[in-house]
Amino acid sequence: MQPSASARFQGRFFLLLAAAVLVLGGCASSLGPVNDSLQKRQYAWAGAIRWGDFEGAFGLVEPGLREQQPLTELELERYAQLQVSSYREIASTADLKGGYAARDIEIGVINRHTMAERTAQYREEWRYDAEARQWWLTSGMPDFWKGQ
């Protein structure tokens with residue numbers, strides 16, 4: 001006895017579905033390490049900022065930018081006057097194939113001397129260095145003083 005047309009259709013449908021899952025799974029996995037790397041770097045950056053480790057955070061800034069704009073003693077002293085009270089992602093975008101990602105962040109900061117709390121907006125911009133297989137922050141350190 002031969003399978004009905006309906007059974008043959010179901011068999012073909014499931015075969016095509018399985019093939020599609022395998023193909024799409026392969027596409028996702030090719031960018032998986034890049035995405036994982038980005039998430040790890042963003043997590044490390046957010047953790048360093050949250051805990052006030054601004055020197056550690058500076059290590060995630062693109063090396064060329066670190067050379068052009070090194071942290072001065074005055075800047076480190078200003079960062080030391082702050083306590084980060086919150087760090088919240090507002091929006092994000094990523095073009096993993098293009099090697100670009102960005103996040104809009106709201107950071108709550110407290111001045112340790114006056115105990116005054118305020119929020120600051122900051123946009124993180126990340127670039128993937130394929131040679132080093134590393135994401136680097138290209139937007140520099142947050143400016144909590146608006147250039148003052």
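A salt bridge is taken here as a side-chain nitrogen of Lys or Arg within 4 Å of a carboxyl oxygen of Asp or Glu. The model is predicted, so that local features need pLDDT of at least 70 and side-chain atom pairs count only at pLDDT 80 or more, while totals for chains, interfaces and linings use all residues. Residues are numbered from 1 along each chain as its sequence is written, and side-chain values use heavy atoms, with hydrogens and water left out.

**View 1. Salt bridges between strands E1 and E2.** Glu-106 forms a salt bridge with Arg-88, with the closest N and O atoms 3.4 Å apart; this pair links Glu-106 in strand E2 to Arg-88 in strand E1 (residues 82-95), 18 residues apart, strands being DSSP runs of E with at least two residues, numbered from the N terminus. In a further salt bridge, Glu-89 and Arg-103 have their closest N and O atoms 3.2 Å apart, and the pair joins strand E1 to strand E2 across 14 residues. Arg-103 is buried at a relative accessible area of 10%, whereas Glu-89 is partly exposed at 38% (buried is under 20%, exposed over 50%, partly exposed in between, with a 1.4 Å probe and protein chains only).

**View 2. The hairpin of E2 and E3.** Strand E2 (residues 100-111) pairs with strand E3 (residues 117-129) in the antiparallel sense over eleven bridges, where pairing requires that DSSP finds at least two bridges between two strands. Ala-101 stands opposite Trp-126 in E3, and Met-115, in the hairpin with five residues between the strands, takes a positive phi near 60 degrees.

Conventions: Helices (H or I, at least four residues) and strands (E, at least two) are DSSP runs, numbered from the N terminus.
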